[in-house]
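Reader: I would like to learn how to read the features of a model like this one. Could you take me through it step by step?

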Number of protein chains: 2
Amino acid sequence: MRAVGPKREDLEALHEEVRDRLRSADQLFTTGRRRLVELLAEVGRPVTIPQLIAADSGVALSSAYRNMAVLEQVGVVARIVSSGEHARFELTEAVMGHHHHHLICSTCGRVDDFTVPDDVEQAIEDALAEVATDSDFLASSHRLDLVGTCVGCASTSG
Amino acid sequence: MRAVGPKREDLEALHEEVRDRLRSADQLFTTGRRRLVELLAEVGRPVTIPQLIAADSGVALSSAYRNMAVLEQVGVVARIVSSGEHARFELTEAVMGHHHHHLICSTCGRVDDFTVPDDVEQAIEDALAEVATDSDFLASSHRLDLVGTCVGCASTSG
DNA sequence: GCCCTCACTGGGATTCGGTCTCAATCCGCC
DNA sequence: GGCGGATTGAGACCGAATCCCAGTGAGGGC
Ligand SMILES: [Mn+2]
Ligand SMILES: [Mn+2]
Ligand SMILES: [Zn+2]
Ligand SMILES: [Zn+2]
């Protein structure tokens with residue numbers, strides 16, 4: 001169930017959604033953009049542009065960055081900057097339909113998804129709502145990251 | 001009580017701690033490094049190097065970055081990268097002695113601190129411990145950010 | 001306090017992720 | 001198929017951060 005691409009009909013629905021979102025922003029759903037969305041859906045984890053290019057050499061650097069910006073603009077893609085290295089991109093929660101958080105390996109930069117139980121999520125949201133009120137802050141989302149060392153890096157560095 | 005610099009004896013203790021940490025890494029506690037620590041303690045909020053230079057024109061760009069890296073190495077300073085703009089720096093929880101989280105303004109990049117009630121913090125830690133176990137991930141810390149718009153940006157943009 | 005040595009400093013060159021430019025190409029539409 | 005405007009992509013460009021190295025300062029030995 002892990003690291004396997006989405007089922008066929010899910011991918012179709014995803015493309016439909018992306019097409020609609022692009023259209024309402026007067027943007028075309030070109031093959032290049034379709035490919036980016038497909039790659040992101042396939043990988044199922046935040047990836048860098050160089051990684052995408054390595055996975056599909058048909059992707060051009062400048063176009064990839066430009067299209068990621070467009071897809072970000074219309075709410076299809078989220079940009080993750082956690083370190084000074086390459087930014088990473090993933091499909092948004094709005095498009096994927098589930099809220100999650102990130103395991104971040106501070107050694108290799110790898111990012112994986114995880115979720116916490118609903119009651120914990122709720123407790124967090126309640127606490128944050130109060131913080132926002134107290135600080136006159138207009139909250140739009142929260143981020144919960146677990147930082148450490150991934151399996152690969154742990155075994156490598158022995 | 002807010003935005004006011006630390007009391008005198010706290011600052012002394014802080015310098016003591018920083019000196020020790022630098023010494024055990026065979027690093028000198030130079031005036032430049034002392035000044036960085038003082039500035040960070042004074043501001044009490046994650047700031048960029050350009051901001052530090054604006055606040056104290058005696059700080060040199062390359063030295064500031066190099067010393068921040070050194071101070072980061074010895075656990076005195078934490079680097080925060082949240083966006084593609086300038087990184088921000090703050091004194092670590094290890095040195096300041098209290099755990100906290102960040103309010104991040106996605107408009108101007110400003111970062112402020114906040115805390116959540118102990119029981120929520122505990123619930124988060126428990127949940128994350130379980131996630132780490134299930135994922136074979138060696139967790140070293142967590143991050144909880146509230147992303148949105150700060151008061152200043154909210155009033156400015158109408 | 002005064003040297004001597006060696007780490008530190010800082011201005012500028014350099015790196016490098018990401019953006020911008022613009023002519024060639026593709027897309028949607030007729 | 002043909003037209004007009006959006007998109008593409010190779011490379012120029014930008015800017016945050018690092019690197020280099022000659023000049024400076026810190027601190028141990030005296
Ligand atoms: Mn994710
Ligand atoms: Mn902070
Ligand atoms: Zn790793
Ligand atoms: Zn703001």
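Author: Gladly! Let's begin with burial, and keep in mind that this is a predicted model. A residue counts as buried when its relative accessible area is under 20%. Cys153(B), at 14% relative accessibility, therefore counts as buried.

Reader: And how does Cys108(B) come out, buried, exposed or partly exposed?

Author: Cys108(B) is partly exposed, its relative accessible area being 39%.

Reader: Which residues coordinate the zinc ion (ligand 4)?

Author: To read a metal site, start from the donor atoms. Here the SG atoms of Cys105(B), Cys108(B), Cys150(B) and Cys153(B) coordinate the zinc ion (ligand 4), at 2.2 to 2.4 Å. Next, look at the angles: four donors count as tetrahedral if all angles lie between 85 and 135 degrees. The angles among the four donor atoms of the zinc ion (ligand 4) are 102 to 114°, and the site is tetrahedral.

Reader: How are the donor residues of the zinc ion (ligand 4) spaced in sequence?

Author: The spacing is C-x2-C-x41-C-x2-C. Cys108(B) sits in the loop between strand 3 (101–105) and strand 4 (111–114) of chain B, while Cys153(B) belongs to helix 7 (residues 151–156) of chain B, so this pair ties together parts that are 45 residues apart in sequence.

Reader: Let's turn to the DNA. Which residues are the closest to DNA strand C?

Author: For a nucleic acid, first list the surrounding residues, then ask which part of the strand they meet. DNA strand C is surrounded by 16 residues, the closest being Tyr65(A), Ala87(A), Gln27(B), Thr30(B) and Arg66(B). Of the atoms of DNA strand C that come within 4 Å of the protein, 67% are from sugar and phosphate.

Reader: What do the individual polar contacts look like?

Author: Two involve phosphate oxygens of the strand: a polar backbone atom of Ala87(A) is 2.7 Å from one, and an N or O atom in the side chain of Ser63(B) is 3.0 Å from one. For a base, look at Arg66(B), where a polar side-chain atom lies 2.4 Å from a base nitrogen of DNA strand C.

Reader: Which helix supplies the largest share of the surface near DNA strand C?

Author: Helix 4 of chain B does, with four residues. Helix 4 (61–73) of chain A and helix 4 (61–73) of chain B each supply at least two residues of that surface. By class, the surface near DNA strand C holds five nonpolar, eight polar and three charged residues.

Reader: Ala87(A) came up there; where else does that residue appear?

Author: Ala87(A) is in contact with Thr48(A), as are His86(A) and Arg88(A), leaving aside neighbours of Thr48(A) within four places in sequence. Thr48(A) lies in strand 1 (residues 47–48) of chain A and is buried, with a relative accessible area of 6%.

Key. Residues are numbered from 1 along each chain as its sequence is written. Chains are lettered from A and ligands numbered from 1 in the order in which they are written. This is a predicted model: local features need pLDDT of at least 70, side-chain atom pairs count only at pLDDT 80 or more; totals for chains, interfaces and linings use all residues. Side-chain values use heavy atoms; hydrogens and water are left out. Donors are N, O and S atoms within 2.8 Å of the metal (3.2 Å for Na, K and Ca); water is not among the atoms, so sites may look incomplete. Four donors count as tetrahedral if all angles lie between 85 and 135 degrees; four count as square planar and six as octahedral if opposite donors are over 155 degrees apart and all others between 65 and 115; anything else is irregular. Buried means under 20% relative accessible area, exposed over 50%, partly exposed in between (1.4 Å probe, protein chains only). Contact means heavy atoms within 4.5 Å. A residue is near a molecule or strand if one of its heavy atoms lies within 4 Å of it. A polar contact is a pair of N or O atoms within 3.5 Å; within protein, one must be able to donate a hydrogen and the other to accept it, and residues adjacent in sequence count only if both atoms are side-chain atoms. Ala, Val, Leu, Ile, Met, Phe, Trp, Tyr, Cys and Pro count as nonpolar, Asp, Glu, Lys and Arg as charged, and the others, Gly among them, as polar.
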